[in-house]
Amino acid sequence: MTATAGLMIVEDQPLIAMMIEEMAAGLGWVVDGILYSEADALTFLDANRPHLALLDTNLGLTTSLQVAAACQERKIPVVFTTGYKAADVLAQCGNAPVLAKPFSTDGTSCTIITAPAVEHIADIHGRMPVILEESAYDASLSGDAKGDDAKAILLDNHLDSQLEFFRVGREVNNSRHEGADTKKPLLNAL
């Protein structure tokens, strides 16, 4: 097992994982691994001993609790991240620190608004980012709409029906891979 002074990030949303990686690098951390599932994280821990594990509590269809238990057995400190309110965080997280999403290192933040996943995505995750029509940008950001009106702006202008789905290689979910070739479809549209 390789002991490191780095950080292990377990986050099922690639965009959020990249944001966390960038923040961590800005704070001087070396990111040893970004893992998108409980199984990948457990495999990573079999070969590596990071200095700290940053775990999203909800990993789509599973949680990170088994990963946290494996970290505790190895004496690796854990910090949980969650988009839930503090009162809704799993009691099994114990005394580990919890960072509420969105979070930032400079007082600014970014929120990704999600909605129930469309058919092709629902097989792998229950939610997906809301993608707005350009005409809805100003209305959604102005702050003038409240409650049900604000919800309607987001959900009535959702572009999910215009999305095309393609199978892609695993490189697309790894922030260490760059370039247009990582996004090339493996097969025809789903």
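**Reading the sheet and its cores**

Modeller: Let's start with one pair of residues: Thr81 stands opposite Leu99 in E9. Please keep in mind that this is a predicted model.

Colleague: Happy to. What makes E8 and E9 paired strands?

Modeller: Strands are paired when at least two bridges are found between them. E8 and strand E9 (residues 98–100) have three bridges and run parallel, so they meet that cut-off.

Colleague: Which strand does E8 join through four bridges?

Modeller: That is E5, and these two strands also run parallel. Ala53 stands opposite Val78 in E8, and the bridge partner of Asp56 in E8 is Thr81.

Colleague: How do you know that the five strands form a sheet in the order you use?

Modeller: You can follow the pairs across the structure. E2 and E3 are joined by four bridges and run parallel, with Met8 opposite Gly33 in E3. E2 is joined to E5 by another four bridges, again running parallel, and here Leu7 has Leu52 in E5 as its bridge partner. Adding the pairs with E8 and E9 gives the order E3-E2-E5-E8-E9, an open sheet with parallel pairing. In general, strands of a sheet pair through backbone hydrogen bonds, either parallel or antiparallel.

Colleague: Why are E3 and E9 called edge strands?

Modeller: Strand E3 (31–35) and E9 each have a single partner strand, so one side of each has no neighbour in the sheet. From one strand to the next, the twist averages 20 degrees.

Colleague: Why is E5 called largely enclosed?

Modeller: A residue is buried when its relative accessible area is under 20%. Five of the five residues of E5 meet this, so the strand is largely enclosed by the rest of the structure. Leu52, Leu54 and Asp56 point one way, Ala53 and Leu55 point the other way, and all are buried.

Colleague: How many residues of E8 are buried?

Modeller: Five of its five residues are, and E8 is mostly covered. Val78, Phe80 and Thr82 point one way from E8, while Val79 and Thr81 point the other way, and all are buried. For the whole protein chain of 190 residues, 33% count as buried.

Colleague: What makes a group of residues a nonpolar core, and which residues have the most contacts inside the largest one?

Modeller: The members must be buried residues of the nonpolar kinds, joined through side-chain atoms within 4.5 Å. The largest such core here has 17 residues, and Met8, Val10, Leu55 and Val67 have the most contacts inside it. Strand E2 (7–10), helix H2 (38–47), strand E5 (52–56), helix H3 (65–73) and strand E8 (78–82) each give two or more residues to this core. H3 gives the most, with four residues. A second, separate core has twelve residues, including Leu7, Ile16, Ala17 and Ile34.

Colleague: Which residues does Met8 touch?

Modeller: Leaving out residues up to four places away in sequence, Met8 touches Gly33, Leu35, Ala41, Phe44, Leu45, Pro50, Leu52, Ala53, Leu54 and Val67.

Colleague: Why are H2 and H3 called roughly parallel?

Modeller: Their axes cross at roughly 15 degrees and come within 9 Å. Angles under 35 degrees count as roughly parallel, so H2 and H3 are roughly parallel to each other. Their crossing is left-handed. Glu38, Ala41, Leu42 and Leu45 of H2 make the contact with Gln66, Val67, Ala70 and Cys71 of H3.

Colleague: Where does H2 lie with respect to the strands, and what does its angle to E3 make it?

Modeller: H2 lies across E2 and E3 and runs at about 150 degrees to E3. An angle over 145 counts as roughly antiparallel, so that is the word for H2 and E3.

Colleague: One last residue: where is Lys101, and what does it touch?

Modeller: Lys101 lies in the loop between E9 and strand E10 (114–116). Not counting residues up to four places away in sequence, Lys101 touches Glu11, Ile16, Asp56, Thr81, Thr82 and Gly83. Lys101 and Tyr84 are 17 residues apart in sequence, with 7.7 Å between their C-alpha atoms.

Colleague: And how many helices and strands does the protein chain have?

Modeller: Six helices and eleven strands. Among contacts between residues at least 6 apart in sequence, 57% join residues at least 24 apart.

Notes: Residues numbered from 1 in each chain as written. Predicted model: local features only at pLDDT ≥ 70, side-chain atom pairs only at ≥ 80, totals over all residues. Heavy atoms only, no water. Buried < 20%, exposed > 50% of the residue type's maximum accessible area, 1.4 Å probe, protein only. Contact = heavy atoms within 4.5 Å. Axes fitted to C-alpha atoms, helices over the stretch in contact; angles between N-to-C directions. Parallel < 35°, antiparallel > 145°, perpendicular 65-115°, else oblique. Left-handed = near helix turned anticlockwise from the far one by under 90°.
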